[in-house]
Amino acid sequence: MSETPETIVITDPDSDRYHTFGYISWWQQEVVRNATILVVGAGALGNEVLKNLALMGIGNIIIADFDTIEDSNLSRSVLFRASDRGRRKVNAAAERVKELNPDVNVKTWHGNINFEMGLGVFRHVDAIVGCLDNREARLSINRFSWQINRPWVDGAIQELMGIVRVFWPGQGACYECTLTDLDYQIINLRYSCPLLARQNILQGKVPTTPTSASIVAAMQTQEALKLIHEMEVQPGKAVMINGLTNDIYTTEYPVKDSCMSHARLEPIVALEEVTAVSTTLNDLLKIAQEKLADDAVLEFDGEIVTTMHCLDCGEKFDIFRKMARLYENESTCPNCGGRREMNMTHRVDGSEDFLERTLAEMDVPPLGIIRARSASKKESIYLELTGDKETFLKFD
C-alpha cells in the first residue's frame, strides 16, 4: 500500500508572508512558528542566522551574547547601524529582528555563556546554533549539549573559508573530539595560575568577509531548520567551504573514546516550584533529602568563592560568586592592597552558616541544574530550577 502524500497548504500571497514556503513539500509552518531557537553569538555569523530565522518566521528566538558594538562590526553585520556603536549586540539585533518580522518573539540575554546561563535553558529550546569566534565557548556549548542530550549546530569562518557542523550527543564525534593539544593550550591561556580569569588577554579578531558569514550562516540555518522538522542530518561531520577555490566537501571526525565531553546528567528532575531567586540552599537541600536520603548533599558544577580575607589587614569579604567569574585583580585587597586568600566550596551538606542564602545569592542562574548526591544510596539526581521557565523564557 502506498503512503498518503502530505497535504500542502497554499495560502493567499497577498495576506500571508509565508505563502511561498507552502510549496515546499516538507515545510510545516506551524512547527516553525512554535519553535524556540537559541542563537549564541550575535556577531557576523549571528547576524546572518538571526536574519534568516526572522524571515522564515521562527516563533521564538533567544539571542545570547556578552559583547557591545564597535565600528569594525558594521562591515560584516547586517543588523547593526552606525548609531548602534557602544550598544549591546543582543539589544540592537533584537530590534532589527522585530523590524524584519514582527511575528517573531525575541528574548535577549547578555552574559558569558561559559558560566552564567542556566543549563536548563538548553533543555527547553528546540535547536541551538553556535555563532562563536572562540574555542572556549564552543567547548562549553558542546559539554552542555552532551549533558542534557541536545544537538547543536556550529559554524566558523576565517577569510574566505568556512565550516558548518552538527554535533549530536552519541551520534558521531563531538566538538571536543576534534580538539588538538594546541587548541587546549589556547583555551587555557585565558586563565592564570589560581584560575582567575585574565583581564588583559586581547580578544582575537577573526579576519573574514560578509560573504563568508552569509554562506556559512545560511547552511547553519538550514541545519537548524532540518533539526526542528526532525529531518536527517549528518552528526560528527563537517562541511568544509574553500572560497578561494570554490571547493565544498564533507569530512568526518573520529570519535575519541576518552573525550571529556561525553557525560550525561541523568536523571534530571524538573522542580516546577523552585526558582533561583526564591529558593534557599536549605529549601533545595531538603528536597534533595526527600528524593534521595537524609545524607544527600548538593554539589555545584564548579567552585564557588564564599569569602576572601586579606592576609595583611585581616579584613573578611563576602563574595559568593563562581570562581570562574572572578578576575585576577580581585585577589588584591581594596583596602590595603594586600593579597586576599579565597575560601571556596563546591558542595553543601547542611552544616554551613549560609543555608538561608537563595540560589541566586550563591551565583546559581535561572533554570540552573544542581547535582544532589547520596553516599549511602550511591545515587545522584540532577535538580532543575524549572520554576524559572515561565519568567526566563518570556519573549517580547
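**Exercise 1. Determine which residue just after H7 takes a positive phi, and describe the helix before it.**

Solution. Just after helix H7, Glu 230 has a positive phi of about 55 degrees. Helices here are DSSP runs of H or I with at least four residues, strands are E runs of at least two, and both are numbered from the N terminus. The model is predicted, so local features need pLDDT of at least 70 and side-chain atom pairs count only at pLDDT 80 or more, while totals for chains, interfaces and linings use all residues. Residues are numbered from 1 along each chain as its sequence is written, and side-chain values use heavy atoms, with hydrogens and water left out.

Next, consider the helix itself. H7 (residues 210-228) has 19 residues and reaches 27 Å from its first C-alpha to its last, close to the 27 Å expected at 1.5 Å a residue; the expected span is 1.5 Å times one less than the number of residues.

Finally, examine burial (buried: under 20% relative accessible area, exposed: over 50%, partly exposed in between; 1.4 Å probe, protein chains only). The buried residues of H7 include Ala 213, Val 216, Ala 217, Gln 220, Glu 223 and Ile 228.

**Exercise 2. State the strand order of the open sheet and identify its edge strands.**

Solution. The eight strands follow the order S3-S2-S1-S4-S5-S6-S7-S8, with mixed pairing. Two strands pair if DSSP finds at least two bridges between them. Strand S3 (105-110) and strand S8 (247-252) are the edge strands, each pairing on one side only. From one strand to the next, the twist averages 15 degrees.

One parallel pair is S1 (residues 36-40) with S4 (residues 127-130), joined by four bridges. Within this pair, Ile 37 has Ala 127 of S4 as its bridge partner.

**Exercise 3. Trace the pairing of S6 with S5 and S7, and assess its burial.**

Solution. Begin with S5, which pairs with S6 in the antiparallel sense over seven bridges; Ala 156 stands opposite Ile 163 in S6. The two strands form a hairpin with two residues between them, and Glu 159 in the turn has a positive phi of about 50 degrees.

Turn then to S7 (residues 237-242), which pairs with S6 in the antiparallel sense over five bridges. Here Met 161 stands opposite Asn 242 in S7.

As the last step, count the buried residues: five of the seven residues of S6 are buried, so S6 is largely enclosed by the rest of the structure.

Terms used. Axes fitted to C-alpha atoms, helices over the stretch in contact; angles between N-to-C directions.
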